[in-house]
Amino acid sequence: MSHCSQCGATFSCGMVDTISAQRCWCTALPTASKSELVLDANGQAKNCMCEKCLAVLRASRAQQRLEDKLSQTS
């Protein structure tokens, strides 16, 4: 089992958990850009997030990009 690097929830990740024969749900998502990575205190990318935390992160980053784009056109 994997643990979400954001909230600590336990979930099954098909990419790293040896008990799962299925691919992880996250492989169906578009590849995250470098700007979407969450870094730890050492500047290294954190590992897996649960589906809920990843959805919240991606939505907030998308909103920020939209706001940045709108502020550039003003």
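In the predicted model, residues 24 or more positions apart account for 46% of the contacts in the protein with a separation of 6 or more. The secondary structure comprises 1 helix and 2 strands, and from the N terminus on the elements follow the order β-β-α. Of the 74 residues in the protein, 20% are buried. The protein exposes about 5,600 Å², of which carbon and sulfur atoms supply 55%.

The mean pLDDT of the protein is 79, with 82% of its residues at 70 or more. Confidence is lowest in β1, where the mean is 84, and highest in α1, where it is 88.

The largest nonpolar core contains 10 residues, namely Cys 4, Phe 11, Cys 13, Cys 24, Val 38, Met 49, Cys 50, Cys 53, Leu 54 and Leu 57. Helix α1 (residues 51-73) contributes the largest share of this core, 3 residues. Within α1, the buried residues include Cys 53, Leu 54 and Leu 57, each of which is also listed in the core. Such grouping is in line with a general tendency: in soluble globular proteins, nonpolar side chains tend to be buried together.

The length of the helix was compared with its expected span. At 1.5 Å a residue, the 23 residues of α1 should span 33 Å, and the end C-alpha atoms of α1 are 33 Å apart, in agreement with that value.

Cys 50, a member of the core, touches Cys 4, Cys 7, Phe 11 and Trp 25 when residues up to four places away in sequence are not counted. Among these partners, Cys 4 and Phe 11 also belong to the core. Cys 4 counts as buried, at 5% relative accessibility. Cys 48, in contrast, is partly exposed, because its relative accessible area is 22% and the cut-off for burial is under 20%.

With a cut-off of 2.5 Å between cysteine sulfur atoms, the count of disulfides comes to 0. For Cys 4, the closest cysteine sulfur is that of Cys 53, at 3.7 Å, so the pair is too far apart for a bond. Both Cys 4 and Cys 53 are nevertheless part of the largest nonpolar core.

At the N-terminal end of the chain, strand β1 (residues 2-3) includes Ser 2. Ser 2 has a relative accessible area of 8% and is therefore buried. With residues up to four places away in sequence not counted, Ser 2 touches Ala 9, Thr 10, Phe 11, Cys 13, Val 16 and Asp 17. Of these partners, Phe 11 and Cys 13 are members of the largest nonpolar core.

Notes: Residues numbered from 1 in each chain as written. Predicted model: local features only at pLDDT ≥ 70, side-chain atom pairs only at ≥ 80, totals over all residues. Heavy atoms only, no water. Core = buried A, V, L, I, M, F, W, Y, C linked by side-chain atoms within 4.5 Å. Buried < 20%, exposed > 50% of the residue type's maximum accessible area, 1.4 Å probe, protein only. Helix = DSSP H or I, 4+ residues; strand = E, 2+ residues; numbered from the N terminus. Contact = heavy atoms within 4.5 Å. Areas by Shrake-Rupley, 256 points an atom, 1.4 Å probe, with all protein chains shown as cover. Expected span 1.5 Å × (residues − 1). pLDDT = per-residue confidence, 0-100.
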